[in-house]
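This briefing describes the surroundings of a bound ligand and then turns to enclosed space elsewhere in the protein. Please keep the sequence and the structure open while reading.

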Amino acid sequence: MTDHDAPHDDASPDEDRRQSGDAWRDAGPARTDGGEPSEARRPSSELRSDGGADAAGADDVALDPWGSSTVADYRKLFDQFGIEAFDDILPGVPTPHYLMRRSVIFGHRDYGRVARAMREGEDFAALSGFMPTGDPHIGHKMVFDEIIWHQEQGGDAYGLIADLEAHAARDLSWAEIDEHTRSYVLSLLALGFDPEAGELYRQSTNREVQDLAFELGVEANFSELQAIYDFDGETDVSHMQSVVTQMADILYPQLDEPKPTVIPVGPDQDPHMRLVRDLAARMRYFGVTEAYASFEADPAERGLLRKAYNARTDYAEDADRPRCGEAADWLREQDLEPDSARQSAVEKLENAGKEPIRPRTRIFDRRATDAAFEALIEAVDGEKRVYDEHVDAFDLDQDAAEELAREVELDNGGYGFLPPSSVYHRFMTGLTGGKMSSSVPASHISLLDDPEDGYDKVKSATTGGRATAEEQREKGGKADECPVYELYAYLLSGDDDEFATEVYEECVGGERLCGGCKEQAAELMAEFLEDHQEKRDEWEEKLDELDIELESDRRRD
Ligand code: TRP
Ligand code: SF4
């Protein structure tokens, strides 16, 4: 162990990190988990913008749930994958968690739904899962904290052990899995998870999850998994099964009744989120769209029909009763894009001839039973028209129709799932620079590390310091590139924003030197570990009272 009084020059060599000068922003690229992608498990080219980790100019964006995900520029995830910036939604979150305030949680999908439920005191849930592949570390702590925070905000909270996935995708034995399962559960409890209010489970013993996984599997096929995860003919069947199991985990909180559900994860899990949001929609009995006439139209055509309807006074003999044929004549003359949609819309309007063009809400049958479709027709109030595969409602707006469709679905044995939401946190940089990796002990701090070892690891960490104390006083340290600063922001400052800001400002202002800074961080880390491990010991005594099965009766290999 080296103890420098002067700042050192071993700052992380990563050139890619942007320098926003913002105290909270830059966490830099890293991943909490090592491991190279195997041939069968590389993500498809659709999912990665680079040529793979070895290609020139790589290290850009690669999202692979089982490989090594690197994110050099988090903003790219917004453009390339449609993840939304968390900052935009932050004002709508009541009393946000510090990881949200500090933009460690940088992105989301559809979190507005969950924030709204929180604001309005409605039901919501939070769930995340952990592969028991090693000891829980400070990267997992972020996710534990996120689940616990949502529980404190009144949400139903779930923590699951992805033992099937660990066995299938990581080849861990059941003996190893059991040992780690116990450890994850203890840390989650020690950090404040309330097992009475929330639920802890392991995939292998949750019958409901497995049944739901089977049903979801009916809706997903191999080509799809191939496109999303780059699975191929060599991929284990159980690995594929672990995918539908994760889909079921994510929808499990909604089995009682549909509710906004957030899944806090790293961005490497985003492919799973895209698939599960899709599957949740595919399981729905009915879909709801706007429509303008009895015929079917795709979204592009629908936009043009809307325009034609809105322009009715320009062409209709009787503006209260514009006809499809009249609209066709009008639309034929318009210079509207896309041209192919314009042409097909004109054709459909022509065929409808004298039928009035008239806005309505369409509820169509996706996979409803006959009885459910009948019940839906019954349930629509006001003027309606019934067709083979849809019913058009003239006195219902889309929101009301959505609600009605969900009610009828639930009454008739459907799930009525809402699309699940997600929040994404940045990966922590390894203490030795580069990635934080479970396979490099010095790069991360395990929640089981001896407090003294934790202290030593922090003291030997890479910093964003200058070559000499003099230079540091003059130019200030590079907190944005400093793994030690990250420890303060992500963990050691806890809820105390002022303290985190102070460290940052003192560092970049040249008042703080790395030796002392690391000493302080190391002491705080040792204290945290000591306290955490004491709480783990206390829970160890009470583990038997919990529902979760800690010992699997599976074969030992
Ligand atoms: N695949 C996750 C991982 O690699 C674990 C997991 C299983 C999970 N089921 C989940 C995460 C449901 C979030 C939600 O760690
Ligand atoms: Fe050095 Fe601390 Fe600044 Fe990092 S945050 S560069 S350790 S003074």
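**Ligand 1 and an enclosed cavity**

In this predicted model, a polar side-chain atom of Asp-249 lies 2.8 Å from a nitrogen atom of ligand 1. The protein covers 91% of the 360 Å² of accessible area that ligand 1 has on its own.

**Contacts and shell of ligand 1**

- Two further side chains offer polar atoms to ligand 1: an N or O atom of the Glu-165 side chain is 2.8 Å from a nitrogen atom of the ligand, and a polar side-chain atom of Gln-246 lies 2.7 Å from a ligand nitrogen atom.
- The shell around ligand 1 holds 14 residues, of which Gly-129, Glu-165, Gln-246, Asp-249 and Gln-269 come nearest.
- Sorted by class, this shell comprises seven nonpolar, five polar and two charged residues.
- At least two shell residues are supplied by each of β5 (125-130), α9 (237-251) and β8 (261-265).

**Cavities**

- The model contains seven cavities of 30 Å³ or more, and the second largest cavity encloses about 90 Å³ of space.
- This second largest cavity is lined by 14 residues, and those closest to its centre are Cys-482, Cys-507, Arg-512, Cys-514 and Cys-517.
- The helices α19 (483-492), α20 (497-508) and α21 (514-542) each supply at least two residues of that lining, with the largest share, three residues, coming from α21.
- By class, the lining of the second largest cavity consists of eight nonpolar, four polar and two charged residues.

How values were computed
Residues are numbered from 1 along each chain as its sequence is written. Chains are lettered from A and ligands numbered from 1 in the order in which they are written. This is a predicted model: local features need pLDDT of at least 70, side-chain atom pairs count only at pLDDT 80 or more; totals for chains, interfaces and linings use all residues. Side-chain values use heavy atoms; hydrogens and water are left out. A residue is near a molecule or strand if one of its heavy atoms lies within 4 Å of it. A polar contact is a pair of N or O atoms within 3.5 Å; within protein, one must be able to donate a hydrogen and the other to accept it, and residues adjacent in sequence count only if both atoms are side-chain atoms. Accessible areas come from the Shrake-Rupley method with a 1.4 Å probe; for residues, only the protein chains shown count as cover. Helices (H or I, at least four residues) and strands (E, at least two) are DSSP runs, numbered from the N terminus. Ala, Val, Leu, Ile, Met, Phe, Trp, Tyr, Cys and Pro count as nonpolar, Asp, Glu, Lys and Arg as charged, and the others, Gly among them, as polar. On a 1 Å grid over the protein atoms alone, a cavity is a set of points where a 1.4 Å probe fits but cannot get out, and a pocket is an open set with protein on both sides within 12 Å along at least five of seven lines; lining residues have an atom within 4 Å of a point. Grid points are joined across faces, edges and corners, and a volume is the space filled by probe spheres set on the points.
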